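User: Here's a model I've just opened. Could you take one close look at how the strands are put together, including the loops and the helix that link them? Keep it relaxed, but give me the cut-offs.

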Amino acid sequence: WALGHIHQQEILHENPHIIFSGNLQGRHIAEQGAKGAVLISIQDNALVHMEWIYPDVVRWKKLELDLTSCQSREDIRPIFEKVMLDTVEQEAGGRTLAIRLVLSISADLYNLIMADEAHFRAELQALATGNHGEAVWVEQIKYKVSPNTGCQSVEEHQDAVMELQDILGRATEDKDLMQAINKDLAVLLNYLPTEISSNPDLELLSLVKENEVGRIIENVIPFLISSLKNVEEE
């Protein structure tokens with residue numbers, strides 16, 4: 001019996017064979033590893049040969065790295081490069097590997113990363129690309145944060161996020177703040193390339209031009225809060 005539905009390869013029984021052959025292509029991080037089918041040969045109503053075949057072109061892998069000993073972003077680099085080298089050799093099979101990183105780090109290092117998290121993500125992707133070309137794509141980065149003595153704890157961070165959310169919720173009532181934001185946005189608009197600033201499909205830019213600061217804040221709040229809460233729960 002060759003069974004479908006369950007997207008994970010497994011041999012449930014032999015003689016007679018009962019097999020979950022999985023699916024042909026992993027679609028997301030919940031479907032990790034090699035994906036394919038089972039090719040069988042039958043002669044005189046008996047199984048004479050069984051072979052796993054793998055037509056997948058992208059493989060998903062969740063990597064958990066313990067970086068609690070790292071004091072700076074530079075300390076992460078050799079650990080990341082070593083783990084990526086081993087993972088590509090063992091998991092990729094000549095295909096593109098979509099990696100979700102789960103980093104266990106101290107609160108001190110987490111705060112350093114969050115100061116410019118976009119650059120940190122780009123840095124890790126550049127390392128992966130530089131060493132492995134298109135064989136590696138860093139799909140997402142999650143964080144498990146350990147509180148440190150003498151530094152901001154996870155609980156304090158979460159309290160700060162809630163306080164910021166409350167401040168942003170009342171921002172439109174502060175006329176001075178609205179004027180300051182409007183002024184800063186106008187300066188930013190002048191620095192944008194013409195092909196971007198003249199694009200009518202960019203809703204936020206249209207709001208800037210129309211001085212709709214309140215609506216801009218409403219658009220930004222969910223993204224900002226979501227980014228600040230990017231700490232994976234245990």
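Analyst: Helices and strands here are DSSP runs numbered from the N terminus, with H or I over at least four residues for a helix and E over at least two for a strand. On that count the chain has eight helices and eight strands. Bear in mind that this is a predicted model, where local features need pLDDT of at least 70 and side-chain atom pairs count only at pLDDT 80 or more, while totals for chains, interfaces and linings use all residues. Residues are numbered from 1 along each chain as its sequence is written, and side-chain values use heavy atoms, with hydrogens and water left out.

Let's begin at the N-terminal end. Three strands make an open sheet there, in the order 1-3-2, with mixed pairing. Strand 1 (2-3) and strand 2 are its edges, each pairing on one side only. To count as paired, two strands need at least two bridges between them in DSSP. Strand 2 (10-13) and strand 3 (18-20) run antiparallel to each other over three bridges. One of the spots to look at is Ile-11, whose bridge partner in strand 3 is Ile-19. The loop joining strands 2 and 3 holds Pro-16, and the peptide bond leading into Pro-16 from Asn-15 is cis, with omega near 5°.

Next comes the loop between strand 4 (37-43) and strand 5, which contains Asp-44 and also Asn-45. Both have a positive phi without being glycine: near 55° for Asp-44 and near 65° for Asn-45. Those angles, like the cis bond, deserve a glance, because most residues other than glycine have a negative phi and most peptide bonds are trans. For burial, the cut-offs on relative accessible area are under 20% for buried and over 50% for exposed, with partly exposed in between (1.4 Å probe, protein chains only). Asp-44 is exposed at 71% relative accessibility, and Asn-45 is exposed too, at 81%. Strand 5 (residues 46-53) includes Leu-47, which is partly exposed with a relative accessible area of 37%. Leu-47 joins Ile-40 and Ile-42 in a nonpolar surface patch of about 280 Å². (Areas come from the Shrake-Rupley method with a 1.4 Å probe; for residues, only the protein chains shown count as cover. Patch members have over 30% relative accessible area and no salt bridge; nonpolar side chains (Val, Leu, Ile, Met, Phe, Trp, Tyr) are joined within 5 Å, like charges within 9 Å. A salt bridge puts a side-chain nitrogen of Lys or Arg within 4 Å of a carboxyl oxygen of Asp or Glu.)

Now for the β-α-β part. Strand 6 (residues 58-66) and strand 7 (residues 96-106) are parallel, paired over nine bridges, with Arg-59 opposite Leu-97 in strand 7. Helix 1 (residues 73-92) carries the chain from strand 6 to strand 7, in a right-handed crossover. Right-handed means that, with the strands pointing away from you, the path from the first strand over the helix to the second runs clockwise. The buried residues of helix 1 are Arg-73, Ile-76, Phe-80, Met-84, Thr-87, Val-88 and Ala-92. With contact meaning heavy atoms within 4.5 Å, they pack against strands 6 and 7, plus helix 2 (107-114), helix 3 (117-132) and strand 8 (136-146). Just past helix 1, Gly-93 has a positive phi of about 60°.
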